[in-house]
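Q: Please examine one part of this model closely, beginning with a single strand pairing and following its surroundings outward. How is that part arranged, and what else in the fold can be described in the same terms?

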Amino acid sequence: MAGKKKENTLQVNITNDEQWNDVLAMKGLTVVDVYQQWCGPCRAVMSLFRKMKNELGDDLLHFATAEADSIEALEKYRGKCEPTFLFYAGGELVGVLRGPNAPLLQKTIQEELKKETNVLEHGTGRKVVKDEGLIEEEEVNDDHQHDEDVMVPAHKSYTVALIKPDVVAHGKANEIIMKIQDAGFVILAHEERTLTEAEVQDFYQHKATEPYFQELIQFMSSGPSHVLVISKTEECDDVIPAWREFIGPPDIEEAKMKQPESLRAQYGTKSVFNGLHGSNDSERASRELAFFFPNFRMAMADSEQETVERTLALIRPDAARENREEILARIHESGFTVAMQREVMLSEEQVRQFYSSHLQEEYFPRLMECMTSGPVLALALVKQGAVKHWRGILGPKDLIQAKNEEPECLRAQFSAGNPSVNQLHGSGSPEEAEREIRFFFPTEQTLAVIKPDTEHREEILKEIRARGFTISHMKDTVLSRDMAEEFYKEHRDKPFFSQLVDYMCRGPCSVLVLTKENAVEEWRATMGPTDPSVAREMAPESLRARFAKDVLENGVHGSSNTKHAHEKIQFIFGDIDSESDLIHDAASPPLEAEESFAELKNLQASRSPSFDQKKNQTEPSTTFVYNRLLKEYSRFITG
Ligand code: DAT
Ligand code: MG
């Protein structure tokens with residue numbers, strides 16, 4: 001196909017180190033698409049590159065593709081699935097961009113080309129950058145100048161468009177693509193392919209009862225189509241209606257009469273052969289995107305749709321002492337939910353573990369001194385796109401740069417007088433965030449009981465899951481008097497002891513082992529204060545506020561610390577520290593329970609013994625903030 005050939009001459013494909021050096025030696029700006037063998041170069045941007053090359057026609061602008069695995073210089077890019085574009089000039093890296101973001105790419109190419117032209121014509125200095133995304137986070141003020149992270153701005157809506165086989169067969173595809181771009185649409189992805197009958201059937205299943213369905217299948221599978229993912233650059237909230245307007249009504253006659261300028265009026269042939277397709281609505285658009293570009297959808301999920309995610313924030317000791325409340329206020333103002341919070345005195349060994357990739361750095365001793373000088377406040381923050389947003393409001397790592405360039409940023413505002421170490425940390429990626437959160441909030445088990453005669457048992461179980469607890473074991477049982485006495489033996493001397501025991505063995509209760517990071521604290525926060533009248537005041541959303549009868553018959557139980565949790569779990573379930581003993585949570589599919597249990601095992605295996613020891617020495621203060629966002633998050637992590 002004509003399109004394919006053009007693509008190949010547009011980009012030089014670099015397959016070895018020698019070629020890499022040759023390409024880097026080219027005069028001007030070279031935009032290198034670094035790709036992984038299994039997914040190939042990013043097709044989404046080819047039409048943009050072609051358009052730019054046509055428009056700029058510049059001898060100084062080159063495009064290349066390079067497979068990370070076969071080029072030594074790209075070693076650090078191996079295994080990264082996000083499309084990465086490296087900008088080279090004079091053999092040096094001058095820019096980096098991640099994600100198939102056409103408008104940003106276009107802008108960056110124009111800017112970098114202008115800069116390099118200046119360098120070549122006027123001998124101005126070339127600004128060389130490091131790829132910040134690759135370098136392990138440098139926490140400390142060192143002498144290097146850092147460029148800010150290249151942020152991919154959240155994208156607007158998208159639609160899936162098809163240039164159907166009739167138009168492609170008439171050789172009109174390229175003409176239409178030009179028109180699409182001229183109209184201000186941005187092509188995020190572009191692929192030419194012949195759909196199979198099965199694919200067409202699947203794609204148009206909502207039309208299966210239409211009399212023309214068979215004809216449609218024949219037609220759509222008769223030859224190559226172009227599949228496009230389209231977005232729009234100018235002020236346009238929703239590309240879907242804009243695109244539908246642009247292609248015109250589905251009926252060709254109507255299109256010709258009412259919208260002679262529309263694509264269908266110009267290129268459609270007859271009824272079902274109407275030349276083009278556009279998604280009906282955003283839900284269809286996302287299904288169609290998944291249908292044609294399953295990988296692309298994932299790339300969009302990170303950079304554009306912004307899933308609810310967690311990030312780890314650390315407030316180092318100086319700031320935790322001096323600016324704690326102000327920082328927490330800024331966190332809330334910025335729309336983050338503090339899902340977990342814990343103050344912890346780190347040992348040197350723990351600091352070495354947490355910062356294992358910084359051990360050799362010149363600044364490590366200062367970091368160590370800072371991190372062990374008092375308790376660190378660790379927070380798990382939840383928000384859509386939390387990782388990126390938190391790093392955004394933190395500002396530059398370099399304190400001087402932060403104060404000069406972004407005086408409003410948190411690092412500039414809360415430096416606690418320490419000139420050499422910034423006082424705030426944020427995870428670098430969602431994966432790193434999860435690892436770091438596990439470090440500070442290791443997975444725990446706690447024992448929960450839904451006490452006899454508690455109504456709304458199902459609702460309570462539902463809420464337990466919604467809050468992200470895994471029910472690793474569960475049994476319904478009637479406690480004998482002896483067992484109830486033993487269970488509450490700590491309260492033997494209390495005046496209410498015998499009443500309490502009466503209540504506990506009065507009927508069946510559900511005993512659960514709950515697993516989650518910080519489970520003990522979180523389950524207690526979920527239950528609320530012992531006395532429901534207090535609970536209704538202090539924690540109106542809590543279970544006891546909602547479901548407890550009174551202070552004695554307060555509906556639910558939860559261990560008050562990890563030691564008790566361990567003892568009571570042993571007492572009720574015996575030694576359950578083996579996978580085969582797993583009792584499946586009746587309401588969730590066994591596979592899921594098994595998977596989370598296996599994951600739990602891994603977590604426990606990876607957890608540091610010294611960290612656990614330390615944990616008992618410090619007073620963990622945990623606030624569990626309950627809100628809709630977190631519920632959403634729980635749903636998101638529990639699938
Ligand atoms: P919690 O269940 O919140 O851990 P606890 O350990 O102090 O509270 O007490 C265990 C149970 O004893 C509690 O769930 C209900 C009962 N209880 C506690 N205080 C009581 C009181 N003042 N009057 C009657 N029953 C009480
Ligand atoms: Mg208790």
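A: **Strand β14, its partners and the ligand site**

Strand β14 (residues 443-450) pairs with strand β17 (residues 556-558) in the antiparallel sense, over 3 bridges. Two strands pair if DSSP finds at least two bridges between them; helices (H or I, at least four residues) and strands (E, at least two) are DSSP runs, numbered from the N terminus. The model is predicted, so local features need pLDDT of at least 70 and side-chain atom pairs count only at pLDDT 80 or more, while totals for chains, interfaces and linings use all residues. Residues are numbered from 1 along each chain as its sequence is written, chains are lettered from A and ligands numbered from 1 in the order in which they are written, and side-chain values use heavy atoms, with hydrogens and water left out.

Strand β16 (residues 509-517) also pairs with β14, again antiparallel, here over 8 bridges. Ile450 takes part in both pairings: its bridge partner in β17 is Val556, and its bridge partner in β16 is Ser510. Of the 8 residues of β14, 7 are buried, so the strand is largely enclosed by the rest of the structure. Buried means under 20% relative accessible area, exposed over 50%, and partly exposed in between (1.4 Å probe, protein chains only).

The loops that follow these strands each hold a non-glycine residue with positive phi. Asp453 lies in the loop between β14 and α22 (457-466). Its phi is positive, about 65 degrees, although it is not a glycine, and at 56% relative accessibility it counts as exposed. Asn518 sits in the loop between β16 and α25 (519-527). Its phi is also positive, about 60 degrees, and it too is not a glycine. With a relative accessible area of 4%, Asn518 is buried.

The surroundings of ligand 1 come next. Its shell (residues with a heavy atom within 4 Å) consists of Lys451, Tyr488, His491, Phe496, Leu500, Arg524, Thr530, Arg544, Val551, Leu552 and Asn554. These residues divide into 5 nonpolar, 3 polar and 3 charged; Ala, Val, Leu, Ile, Met, Phe, Trp, Tyr, Cys and Pro count as nonpolar, Asp, Glu, Lys and Arg as charged, and the others, Gly among them, as polar. An oxygen atom of ligand 1 is 3.1 Å from an N or O atom in the side chain of Arg524. For Arg544, a polar side-chain atom lies 2.9 Å from an oxygen atom of the ligand, and for Asn554 the distance from a side-chain N or O atom to a ligand oxygen is 2.8 Å. Taken alone, ligand 1 exposes 510 Å², and the protein buries 74% of that; these areas come from the Shrake-Rupley method with a 1.4 Å probe.

Elsewhere, strand β4 (residues 84-89) can be described in the same terms. All 6 of its 6 residues are buried, so β4 is largely enclosed by the rest of the structure. Thr84, Leu86 and Tyr88 point one way from β4, and Phe85, Phe87 and Ala89 point the other way. In a regular strand the side chains alternate between the two faces of the sheet. Strand β2 (residues 29-35) pairs with β4 in the antiparallel sense over 6 bridges, and Thr30 has Tyr88 as its bridge partner in β4. Strand β5 (residues 92-98) is joined to β4 by 6 bridges and runs antiparallel to it; there, the bridge partner of Phe85 is Leu97. The hairpin of β4 and β5 has 2 residues between the strands, and in it Gly90 takes a positive phi near 55 degrees.

An open sheet of 4 strands has the order β11-β12-β10-β13, with antiparallel pairing. β11 (337-344) and β13 (424-426) stand at the edges, each with a single partner strand, so one side of each is left without a neighbour in the sheet. The twist averages 20 degrees from one strand to the next, where axes are lines fitted to C-alpha atoms and angles run from 0 to 180 degrees between N-to-C directions. Between β11 and strand β12 (residues 376-384) there are 7 bridges in the antiparallel sense, and Val338 stands opposite Leu381 in β12.

Key. Polar contact = N/O pair within 3.5 Å; in protein donor to acceptor, adjacent residues only side chain to side chain.
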